[in-house]
Amino acid sequence: MASNKKYWKSVEELKDSSIVETLSKNEFVEEIPTDQFLGDKETLEKTSTSRRDFLKYVGFTTAAASLAACEGPVRKSIPYVVRPNDIIAGVADWYATSIADGYDFANVLVKTREGRPIQIMPNKDANGTTSARVQASVLSLYDEKLRLKEPTKAGESISWLDADKEIAQKLNNLKESGKSVVLLTGTMASPSTDKIISEFITANPNAKHVVYDAVSESGAADAMLAMYGKRALPNYHLDKAKTIVSFGADFLGDFHGGFEKQFIAGRDPKTGHMSYHVQFESNMSLTGANSDKRVVLKPSDQVFALLNLYNAITGNAVASKSTPVDAEVKSMATELKKSGSKSVVLTGLNDKNAQLVAFAINEALNSEIFDTTNSLNVRQGNDAEVVKLVSDIKSGKVAGLVSYNVDPVYTLSNSSEFSEGLKKLELSVALSTEKNATVDASNYALPAPHFLESWGDTQFDSVTYGLMQPTIQPLFNTRQFQDTLLKWSGSSVKYYDYLKTYAAENVLGGSSWNTALHNGFFTAELVAEEATFESTVSVIDAANQLASSAKKATGFELNLYTKTGLGDGKQANNPWLQEFPDPITRASWDNYLTISIADAKELEFENPVKDNGAIDGNFAKVTVNGVEVTVPVMIQPGQAKGSVGLALGYGKTFGLKEEMQVGVNAYPLYNGGNNIQYNVKVEKVSGNHKFACTQVQKTIAGRHDILKVASLKEYNTVAPKDHHHGWNKPSMVSYDHQEVEANTIDLWDEHNREIGHHFNLSIDLTSCTGCGACVVACHAENNVPVVGKNEVRVGRDMHWLRIDRYYSSEVETREEAKELGLGRGEMYEALETEAENPEVTFQPMMCQHCNHAPCETVCPVAATSHGRQGQNQMAYNRCVGTRYCANNCPYRVRRFNWFNYANNSEFDFNMNNEYGKMVLNPDVVVRSRGVMEKCSMCIQMTQATILKAKKEGRPVNTDEFETACSSACTTGAMVFGDVNNKEDQVAALAEDKRAYNVLDYLQTKPNVIYQVKIKNTNEA
Amino acid sequence: MKSVALHSNLTKVLLKSFTIILFFAFSLSSFSQDIDEARQKEGRKIFKSLCASCHKLDKKLIGPALGGVELRREHDWLKSWIKNNAEFRASGDRDAIAIFEEYNGSVMSAFPQLTDKQIDDIIYYTTVGDPVKKVVGDVAVSNGGSNQGSAPKWIIYFLAGAIVVAFLMIASLLKQVNELKGNTSPESTSNLKRDLHEVWAGLKRNTFLQVLSTIFVLLMGAYFLFGTLFKVGVNEGYMPLQPIAFSHKIHAGDNKIECQYCHTSAKHSRHSGIPSVNVCMNCHKNISEVAEGTQVEWDGMTYGKAELDKEIAKVYDAAGWDADALEYTGETKPVKWVRIHNLPDFVYYNHSQHVTVAGLECQKCHGPVEEYDEMRQFSPLTMGWCIDCHKETKVDLKGNEYYAKIHDELAKKYNVDQVTIAQLGGKECGKCHY
């Protein structure tokens, strides 16, 4: 039950640290650094400036400044010469397109203003979803530092014409001499591009296409090929599942591109049923954090647990080993069998044998969730072919390499072999959107457009055909990969025409191209390929091989993973993603070795909290297969003992801004694309690392009932408001020496909220997975500045919307501990054991738009005031920066502009250059130094919706109001609307039995409503 | 005596010139006696309504110059061409095809509705040209008119100067008279001095008066300081020099072009939209010069036809229009207008709310633009100015379904028939600051 839990935010809190105690009381962790600009007494005395001089200077500068201010600057207003028909200055245009950058795949809508894309949202009609990375990809378009701007040969610029001529000549020579040429691309999931490539290969029979994914899921694809005869990834319809068992598959993260939407669709408590999800894992992943039951297990034990489950389900007796969780596995076997075809087993081990075993279990269960017909095309990389390619390049068997948007020099574990071979090639061409180490090492570098500047088509699964269209004129002298290949194949057709013909002939079947392009997708009738394929593998053999390889495991086991923010590292130069805090550790601008509390104690790793609220860390030397890297260490509650975790995608340096060159490159440890590495040595080495972690600064000041969690059983059977057992009890306060419900008394007069619109935002904690797409959407919509690692470290991050992560353990509260006579130390010790596997809850937190807002009362200049539509308004031009409001805000959601973050070389992120500024939303002001800012509940969007209705002379439609976060939310956890319109979804949600307000006993009456988190604890 | 002689001279000159004028006028009109004015007038009317968009008499436009076309082409040829040139060309007439090709195959409309008489009139008009104005008389009259217009200003200055001089003269005369009378009185001045001294001494002693006057001076100082500082950044009347002498008076006033014909986005968007050059070219493709006698007050000078035609040429330059070849060159240069209405970044203003929803006249905020040659900022654009209007303006919500419910409820709440914008929430900070 909710009230028995203790919520905590960092391991340091468990140590009864006095610093954390102090920090929990301060809103601003940093003292204002007066010493820095006043200096010390000695220097002051030494200075030659007398008091009189000082006053003179002050007087002069004041006078000069005021004189300068008297005359406004002359501004130019430059209209188009010929205005494009569909552009009206000041009105946004939306285009449907798709992203397919090799790691992220989605059908999206792009908002453009005056021809510039400024925001990406999911194309919900096409079932599109967006992650933080997809949301942020719009900023990568404007990365003038990293984008390739013109074709070059050996670093010297060359015209397209000459480049084409020379390359065609060389390709021809290679063809005639019969030397092998390889086309190396990432996964493109584009049927028309596949056709162009096959035509290229027909024209050049010496050419071969190799698909390389930096973060590989080759194991699953190979297993599919062996068992079902096609090389693709299986689809998992988790929305229909009753029981889900996952062995390290981070399917809310990047496993097979993510199944977030489907997973949450199967977990609506209103239906009375939720899927039951058990996660066996070593790292604390987003999926584990959202599971109903999380079983901590190091990777080798996961293999044995999987085999034990296989034995239990199929009745086979494959050699295995007992694990510490045999009891759980046994009960899961029963559970899976009970759910029958509604159950599914997934494994995240990138190993063909492990995948085969999991497939076999699903077959034995006759699982409807596991779908091999409507398979996924989002990871086509083939590890075996890549390994062969590297050796062929080294041995000289391959003489030419044309790469497209891949960076093997950075991402290959044996990249030195690759880059040495690359130098010896007769022809090396890199087509790429951005500069990278591979482009640098290739002879020709040909710029390719960003996906927002490109034509294209996509096919992520077997049924949905997506289209990609340009949303901006190409910024640089680029040419599409497809156009280049067509040209080299001797065709004079433009890719756009090719694409149109391809779609008309193969997909649209007479339907309109324009309609498909407008919608961004086309759903074809699924032609079911009957699986009459005879499996060529013996699962028993596979299982035996799996067991024997896992039996060799000694030492630490390393689980390499991708972070929600940076993924495979393609967008490492994107400041939004670097500043995006990891959902679990809340650290930004870093990767680190995650280690369990027990191992950390043994190896003497610590994460001390500094008095400014920042946390520090020690360094560890990690050795895998003779390769050493030195990484900072972060102690991670819920990490399996004997295992460590490290994120890929960091430590990229080539061409990146200095601020972005953070973290450690883990790819050298990524042997053979295997995300699990055994026999790892971890040693403590000297040094102190500074983390930029938003974890400790914002503690909750002992107010431990801001989260409410209940089990499905409680939800179904117990009255929510019951004073004793209720799971959504109203808060009680003492009034006139009587315990009364908090909402019966109030300090403030009631606002009249009946007339007009009244906005509410409902956040369902059950559906929120903590993915953070909303955080980046808010960045883009509201021009939220990036402040950099050092500022984040001292708690000056500017995110209007943050996602708090709470760990919780089922132990007595402080009071109960006292009753039991436990000392403080003992209580924390008890907590610490629980911290081996804590429960995790995410809570998006932004301005609560209190109807009785404490911040409004204390503002001396009335800069923050209450709107009739329920929004707490912030007039930046009125704010004088006293910061009283932030001090009086119980939710700690106000952000202070300590500096000018725009046009300031100290903060050289997107708001300090002409290209990066193109992403700014022209409807929202860029704030200046010294003012407070916070979530506005996207007032610019609500006002635009109202204006649209007014212009059309109609009432606002049902569910027409949206905010950036609510429209970015994949799972529908965030619902925004007008509670005075009874048909709006949010009106019902505000009255729901799960609805509650955070800190409701303060009677701030927020307009943000949370829905109690319901977990399926699988009780009868 | 002298003055009388002068007067008579002037009269003589006037009389003489009048005779000359009369003579010329007479001779001119007698010169044009053989023109059939009725036919000329009729022809001109039709020409202006049907032909003038593509043809001029003396200059090539879309089509060739037509002055004296009768001398170059047969009358019947012209008739066939005008009635239906496509048919005529199809019949295989070589000249017709040649001229069509010479003008890049731009198709001329057919005019089957014209009678032979009307075509004759048009051709007659192209031969005789415009009716000659009674030049001298006109000039005289217009000169008089302009004199009348400008006279008051200098007369006022002159009179004011004269009065000042007169006063000074009277004062010095009186002084001289006094001196001549022998009334040199140093006593009187010392008396005055003494009085002043006494008043000053009294003031010094009276603390109450001192305090009062100090307060008065401080208050006045503060008042004026506030007034001055408040004007900082308020650019009412701001009239920067624009790159093209564009006169709103000619376009919106004289020619009565709708504001939103050019400022198209005002009804859709937050911006009213500075028209793109292609909008100018909608008309100026055919209007390469201003009418005779057009005048524009620009940057303290009066621009006449010569100057204004150069301004139109600037539009052609920007649009990349070759006025001789009558085609676009493709070399465009955007016009860099100077922005007049500058709101700070932290203010959100939306034109469409005011234009489309509220149905305001542009002139409400921008002033009598149709009377301005040179555009300027009419309103102060201060927050007080916005708020005042929002407080006073009653909202006319009829016919807009959006307001149907909310207005009734608000009217009931405030107990009024029609609510103001402020009562509707138009005074909240967040409505304009985000």
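A residue counts here as buried if 20 or more other C-beta atoms lie within 10 Å of its own. The model described below is predicted, and the burial criterion is applied to a helix of chain A before the cores, the contacts between chains and a small sheet are taken up.

**A buried helix and the cores**

In helix H5 of chain A, which spans residues 132-141, 10 of the 10 residues are buried, so the helix is largely enclosed by the rest of the structure. The buried residues of H5(A) are Ala132(A), Arg133(A), Val134(A), Gln135(A), Ala136(A), Ser137(A), Val138(A), Leu139(A), Ser140(A) and Leu141(A). The elements that cover them are drawn from separate stretches of chain A, and include strand S3 (93-100), strand S4 (105-113), strand S5 (116-122), helix H22 (575-579), helix H25 (773-782) and helix H32 (964-968).

The largest nonpolar core has 275 residues, and those with the most contacts inside it are Leu306(A), Val357(A), Leu593(A), Ala666(A) and Cys774(A). Apart from residues up to four places away in sequence, Ala666(A) touches Leu560(A), Asn591(A), Val629(A), Leu646(A), Ala647(A), Leu648(A) and Tyr650(A). There is also a second, separate core of eight residues, with Cys262(B), Cys280(B), Ala319(B) and Trp321(B) among them.

Gln869(A) is found in the loop that lies between strand S36 (864-866) and strand S37 (872-874) of chain A; with 26 C-beta neighbours inside 10 Å, this residue counts as buried. When neighbours within four places in sequence are left aside, Gln869(A) is in contact with Gly756(A), His757(A), His758(A), Phe759(A) and Thr942(A).

**Between the chains**

Contacts between the two chains involve 40 residues of chain A and 47 residues of chain B. On the side of chain A that touches chain B, at least two residues each are supplied by helix H4 (51-70), strand S2 (76-77) and helix H31 (939-952), and the largest share, six residues, comes from H31(A). The strand S2(A) is joined by two bridges to strand S5 (residues 337-338) of chain B, and these strands run antiparallel; within this pairing, Ser77(A) stands opposite Trp337(B).

**Two helices of chain B**

Helix H2 (residues 37-51) and helix H7 (residues 116-128) of chain B have axes that come within 7 Å and cross at roughly 100°, and the two helices are therefore roughly perpendicular to each other. On H2(B) the contact is made by Arg39(B), Gln40(B), Glu42(B), Gly43(B), Arg44(B), Ile46(B) and Phe47(B), while H7(B) contributes Gln118(B), Asp121(B), Ile122(B), Tyr124(B), Tyr125(B) and Val128(B).

The table sets out the classes of residue in this helix contact and on the side of chain A that touches chain B.

| Contact | Nonpolar | Polar | Charged |
|---|---|---|---|
| H2(B) with H7(B) | six residues | three residues | four residues |
| Side of chain A that touches chain B | 20 residues | 12 residues | eight residues |

**A sheet of three strands in chain A**

Three strands of chain A form an open sheet in the order S19-S20-S21, with antiparallel pairing. Strand S19 (456-458) and strand S21 (521-523) stand at the edges, each with a single partner strand, so one side of each is left without a neighbour in the sheet. Neighbouring strands of this sheet are turned by 20° against each other on average, direction ignored. Three bridges join S19(A) to strand S20 (residues 464-468), and the bridge partner of Asp457(A) in S20(A) is Leu467(A).

Technical notes
Residues numbered from 1 in each chain as written. Chains lettered and ligands numbered in written order. Predicted model: local features only at pLDDT ≥ 70, side-chain atom pairs only at ≥ 80, totals over all residues. Core = buried A, V, L, I, M, F, W, Y, C linked by C-beta atoms within 7 Å. Buried ≥ 20, exposed ≤ 12 C-beta atoms within 10 Å, placed from the backbone. Contact = placed C-beta atoms within 7 Å. Axes fitted to C-alpha atoms, helices over the stretch in contact; angles between N-to-C directions. Helix = DSSP H or I, 4+ residues; strand = E, 2+ residues; numbered from the N terminus. Parallel < 35°, antiparallel > 145°, perpendicular 65-115°, else oblique. Nonpolar A, V, L, I, M, F, W, Y, C, P; charged D, E, K, R; others polar. Pairing = 2+ DSSP bridges.
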